[in-house]
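Hi,

Here is the structure I promised to pass on to you. Have a look at it first, and then read on for what turned up when I went through it.

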Amino acid sequence: MTTTYRIAVFPGDGIGNEIVPQAIRVLQAISNKYNIKVELQEALVGGSAIDEFGIPLPEDSLRIALNSDAVLLGAVGGPKWEGLDYAIRPERALLGLREKLGLFANLRPARLFTALADASTLKRSVIDGIDIVVIRELTGGIYFGKPRGIEKVDGEERGVNTEVYTTHEIERIARLAFQVAGSRHGRVCSVDKANVLESSELWRRVVIGVHKEYEDVQLSHMYVDNCAMQLIRNPGQFDVILTNNLFGDILSDEAAMLTGSIGMLPSASIGGEVGMYEPIHGSAPDIAGQDKANPIATILSVGMMFKYSFGLDIAYDDIDSAVNRVLDKGYRTADIYSQGNKLAGTIEMTDIILNELA
Ligand code: NAD
């Protein structure tokens with residue numbers, strides 16, 4: 001009997017509504033090619049859900065996500081909702097989905113597409129051949145630690161957040177990092193601030209403990225400030241970077257920019273039974289509704305879904321090489337365009353990728 005994969009589709013806001021429908025075209029083409037049955041269910045999250053239901057993650061959307069095999073998300077947020085109380089901002093939908101789906105690991109590959117080497121602000125000699133995966137812990141650390149808040153103390157305000165990690169939270173993300181490195185170049189660099197923070201001291205100790213189960217993988221440690229510098233100085237030294245929620249948020253954006261454009265980079269959030277796949281960029285209100293958005297990050301996120309949720313690495317490779325060939329032929333959306341290239345809009349870029357896939 002053929003399995004049918006149920007996929008929850010959340011376009012979200014802004015360019016999410018342009019890039020997700022295009023990524024769905026690719027999803028359907030690749031499903032047909034490999035004879036996979038998919039059932040899509042679309043729902044509102046983020047600002048669009050606030051407009052319709054008053055909350056960023058309606059019960060119905062959450063139920064669809066929980067009953068699916070994987071979630072494809074566009075992006076949430078925009079100026080329209082920026083004045084809202086923090087508790088009902090569009091971004092709360094992402095935090096809610098991560099928490100309810102148990103997505104404790106965020107995987108962000110940062111790899112250079114050779115045709116785009118000149119779009120990076122760094123010299124080609126520095127970025128040539130980079131192929132990094134940043135694995136960021138996603139459900140713990142300072143974003144969730146308590147106490148938190150802003151209080152009045154002695155006539156002034158005091159803001160508090162708490163960085164907190166427990167052994168099991170570190171163990172499970174470390175295990176995943178060693179497994180991912182084992183299927184790649186076999187090197188994990190664990191990034192912390194163990195010279196100053198006790199939570200980092202524990203992080204390092206636990207990572208060293210878990211490493212004993214994966215001795216074929218090489219483990220190194222780096223302080224986060226040095227890592228921020230090394231990513232610019234010599235990014236080729238990294239294979240898998242393993243780090244906590246806050247450091248991962250910052251370092252994965254830095255790693256992303258090595259490759260030129262934010263519009264190129266996919267991500268996978270995994271750990272629970274249902275994985276969530278989304279581009280790393282936001283809803284780009286400045287270009288929304290103009291057919292200018294680069295759909296490639298979302299299309300590659302579909303590739304990651306096939307790899308990590310459905311175990312179909314071949315589909316990922318197929319999408320990836322189609323994108324590479326399109327770039328080699330000189331097609332570019334505006335964000336990665338330079339003189340002499342062929343400019344394509346969101347829909348046309350997808351048409352060309354679909355042609356290559358066929
Ligand atoms: P952004 O990523 O939306 O945009 C930053 C810049 O990159 C903009 O100039 C934008 O035009 C460009 N850009 C982004 N994606 C692109 C694409 N696919 N193709 C071409 N250009 C692209 O970040 P921002 O402007 O800081 O945030 C806008 C909104 O998105 C905010 O409300 C923010 O909270 C939200 N946001 C959401 C997510 C998410 O849903 N995961 C992530 C980041 C930001």
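Ile142 sits in the loop that runs between β5 (131-137) and β6 (149-153). Please keep in mind that this is a predicted model. With a relative accessible area of 22%, Ile142 counts as partly exposed, because the buried class ends at 20%.

What does Ile142 touch, once residues up to four places away in sequence are set aside? Its contacts are Asn161, Thr162, Glu163 and Leu246. There is also a long-range pairing here: Asn245 is 103 residues away from Ile142 in sequence, yet their C-alpha atoms are 7.4 Å apart in space.

That brings me to contacts across the protein as a whole. Taking those between residues at least 6 apart in sequence, 74% join residues at least 24 apart.

Next, the cysteines. How many disulfides does a search of the whole structure find? The count is zero. Cys189 and Cys227 show how this works out for one pair. For the sulfur of Cys189, the closest cysteine sulfur belongs to Cys227 and is 5.7 Å away, which is too far for a bond, given that a disulfide needs the two sulfur atoms within 2.5 Å. Seen from the other side, the sulfur of Cys227 has that of Cys189 as its closest cysteine sulfur, again at 5.7 Å and too far for a bond. Are these two buried or exposed? Cys189 counts as buried because its relative accessibility is 5%, and Cys227 is buried too, at 0%.

Now for the overall picture. The protein is built from 12 helices and 14 strands. Its C-alpha trace spans about 60 × 50 × 50 Å along the principal axes. Why does the radius of gyration fit a compact globule? For 358 residues such a globule would have a value near 21 Å, and the protein has 20 Å, so the two agree.

As for burial and surface, 53% of the 358 residues count as buried. The protein exposes about 16000 Å², and carbon and sulfur atoms supply 49% of that area.

Finally, the charges: there are 34 positive and 48 negative side chains. The centres of these two sets lie 3 Å apart.

Happy to talk any of this through whenever it suits you.

Best wishes

Terms used
Residues numbered from 1 in each chain as written. Predicted model: local features only at pLDDT ≥ 70, side-chain atom pairs only at ≥ 80, totals over all residues. Heavy atoms only, no water. Helix = DSSP H or I, 4+ residues; strand = E, 2+ residues; numbered from the N terminus. Rg over C-alpha atoms; globule rule 2.2 N^0.38 Å. Buried < 20%, exposed > 50% of the residue type's maximum accessible area, 1.4 Å probe, protein only. Contact = heavy atoms within 4.5 Å. Areas by Shrake-Rupley, 256 points an atom, 1.4 Å probe, with all protein chains shown as cover. Lys, Arg positive; Asp, Glu negative; His and termini not counted. Charge placed at Lys NZ, Arg CZ, Asp CG, Glu CD.
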